[in-house]
Each structure stands twice: as C-alpha cells, then as structure tokens.
Amino acid sequence: MKKTYLFVDFGSTFTKLTLVDIEKEEILATSKSYTTVAKDVRFGYEKALEQLNQQMEEPYEVVQTAACSSAAGGLKMISIGLVPDLTAEAAKRAALGAGARLIGNYAFKLNKKEFEAIAISNADMILLAGGTDGGNEETLLYNAEGLRNAQIKIPVVVAGNKATYDRVEEIFEGHVPYHITENVMPKLNEINVDPARETIRNIFMENITKAKGMTNIVNDISAILMPTPQSVLKAAEVLGKGTKNEEGIGDLMIVDIGGATTDVHTIGNGDPTKPGVFMIGLEEPYAKRTVEGDLGMRYSAMSVYEASGKRLLKTYLDIENIDYEAQYKKRYEDTAFVSTTAEDIAFDEAMAKICVDLSVKRHSGYVEPVYTPLGVVYSQRGKDLSDLKTIIGTGGVLVNSEAPVEILQAAQFRADDLNSLKPRMPEYFIDKRYILSAMGLLTTIDPDMAVRMMKKYVVDKE
C-alpha cells in the first residue's frame, strides 16, 4: 500500500487537497471543492476528499495530514507601532510575513476614535510594537492602556521595547489576552520579525482556526500549521535557499493573483546591483511578502479601475468600443462571474496584467537622485530586484489562462519607469497544479523533499 502525505488548504473560496506519494515523491492526485465555512468546513473537505479518492485506483495509507487555512478571510490583523517608517513598518512586516491580511496599521499614540475602531473591527489579532529596546516606553504603554480600556478581547502580541513588558503584564493581566515576544526592532533599523511571526502562527493554530469551524475536522488532521500565505512564503524560502542536502534555485518571486488581493513574495537580499547607490529606509527582510488589497480580479475590481485608470488598461487591452467601467463593475457586482466569451477573457487577462504590474512595482524598490556638492548620487529604498532570475505565478486567472507567461511579463521593468527596480530579464513559471501551499506544509515535514518536488512540478527547466 502506498504511503502518502495529505495536504489540505482551506482557502477562502476552495478547499484544495494534494496527495503525495512519499517514496516516489510524486503527486498522486489533487482535488478541490467549495469551502463551506459558513456551515461547517467538514462538508467541503469531505467532498474534496471524495473526489480525491475517485482518482485513486488502489488503496493508500495517509502517514500524516497537514493543513493551512485562509478560510473566512484568513488571519486578519491590526498592527500598532511608534513611528510609521520604523516600528510601525516593522510590525506591519511581521504581520504580513506571518500570513496575515492587515486590516489596520497605526502609529504614535492612538486617539479615542482609533481605539473604538479597533474594538469594533473584525480583526483576529493585534500586534503591539513600539520603541527600540531601552528607547521610548511611553507610547507603547499608553496604547496598551487604551486597548485595555477599549475592552479588547482578541489576542494581543506584544513585540516592542522590552523595558515595557513588566508594566504591560500589569495592564493586560485579567483584562486582555496577551502574548509577549521579542521586539520587532530591538535596535534602530534592525529588523527582528521571526519571533513575532512564530508567536502569531502558534496563536493562529491554537485559537483562530477553532473559531472558523475547524473543531469538527481536527481529528482528521494532524495539525493546522499556519495561514496559507505563510505556507506559500515558506515554500518560496526553501525553494530559493535550498537545504543542507538540496541546492536552491536562488532569488525568486511568487505572484499570487486572487479575487480580492494580489500577494507578492520575494526571496533575496535585494542589495544594490549598481555601484554608487546607497540604501535608505528600513532594512528589507530576506523573505518578504506584500499584499495589495486594492488589486484583485473580482472583489477589488473597482479598486483596480481606480488604481490603473483607462490609460494602463489600454496598454494591455486592444478592443474597440468597450465600456471599461461597466466591465469592471460587472465583475465587482458578481464575484462568481466566469468569463466565457473572447472579449471577457481578454478583459480578465488585461486586469490580471494590471494586478501584476502594480503589485510588483509596489513590492520592488526604487532609486532616486540625490544632489550633493560632489555631484549626483543615487539612493535606493526597498529591494533591488533587477537581477532576479525567477518569477513564479499562481492563482486561478494564471492557471486557467492559455497565455499565462504574457500575464506575468507585466512584472518586468519598463523603460517608461526608469526609477523602478523591477526584474529586468527573469524566467517565468506557473504553479499549474496549485501545490505551493502544500509544498510549504511539506517543508515542515521534509524540506529536502519539498525542494525536489517544487523543482519537478513548478520550475522544471528540462
């Protein structure tokens, strides 16, 4: 009997299953069914499992089952820091790196209306930061008292100036559920997000998934390990860096186009590739994730229209006498709309190109001239992705497209945007079988195997 791993992704729309043959390191079957989070996720899971079993001609043994989840909107977080460009930005990066969808990012001492907005939000968790170790204490303590007075009942992860921790415990004890971890910025411009990410992941695993209807399915699953976006980021990191036994493929980017957001993940330092360029701003994380909440194929369709306007759309779409606004509105008002005509498919793919173009531009760094007495020098803010060699695309519009590479090519540097540090000459690959989240889960069991399988199924260059 074949020994297998079963990986489950409870997505916001579909529950996706991937069955892996452990010995042969092959995908035996994949299936998907609509996620039934409004009722009980077990219904969607069991339907997908039934479809999976129908594909199998012989019995199999599941050695281990692991799952990730973005059901019911995924992990929704609010981050709070001190200065927008420093600790508030570090807190934001920690939340995004943990796979969260950020629904609020605050800085400085919050006012009454801001505390009230947090209290009535649908956030699952709050990340409270502020101050380097030994630095400003007042702001974090003020915001901690404000959260207590607002009667916050969701978990608060405290990741700020360690000098405040004793007082924070006194403020929160018996009033606010809290977890204390290491400072996301212990020194000025020094990022330390991994401890906060791990704390967030543990809380998600223990508490959040239970609140989303997972309790009825927990006996079938060894562990719900992480939010889906974090699983994809882990897959990207292992594929890029490799392991002790398996060579990675180097710096890479993953672009995930969804109905509501477009996520971009990059693996690499992003240091300047040109001489005479100096870095400014916050240190960039080696594994970086950004989420563009206004760039999506359905739920965010009108936001795409506002972000791009007609000019950018016309760059990617050559159709005469078309009502652009009506096309966007149709998709926004009917999020289940499926394009079947040639015109609708062309419009969808033009939208996807806009999502790729703008999301990668926002994710990438840029250079600016700085005029000095000795002449012009250039400063770089963000990652330099000019020499990035690999871009991997995932998401329904790419997987179902007849020309997915053309969509991904919108990520490439353009001569009309000279300051951008977008990739110049990358290779393009498609996650055709939707396995990246499964491979992220596999990294927690057998990272060597995960690297080999991603090379085989995602970036096969033979």
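Biologist: Leaving aside neighbours within four places in sequence, which residues are in contact with isoleucine 257?

Modeller: In this predicted model, local features need pLDDT of at least 70 and side-chain atom pairs count only at pLDDT 80 or more, while totals for chains, interfaces and linings use all residues. Residues are numbered from 1 along each chain as its sequence is written, and side-chain values use heavy atoms, with hydrogens and water left out. Taking contact as heavy atoms within 4.5 Å, the partners of isoleucine 257 are Thr262, Met297, Ala352, Cys355, Val356, Thr394, Gly395, Gly396, Val397, Leu398 and Ile407.

Biologist: Which element gives the most residues to the largest nonpolar core?

Modeller: A nonpolar core is a set of buried Ala, Val, Leu, Ile, Met, Phe, Trp, Tyr and Cys residues joined through side-chain atoms within 4.5 Å, where buried means under 20% relative accessible area, exposed over 50% and partly exposed in between (1.4 Å probe, protein chains only). The largest such core has 37 residues, and Ile257 and Tyr328 have the most contacts inside it. Among the elements that each supply at least two residues are strand 11 (252-257) and helix 10 (342-363), with helices (H or I, at least four residues) and strands (E, at least two) being DSSP runs numbered from the N terminus. The element that gives the most, with nine residues, is helix 10.

Biologist: Is valine 63 buried or partly exposed?

Modeller: Valine 63 lies in strand 4 (residues 60-69), where, leaving aside neighbours within four places in sequence, Lys3, Thr4, Tyr5 and Ile22 are in contact with valine 63. Its relative accessible area is 45%, so valine 63 is partly exposed.
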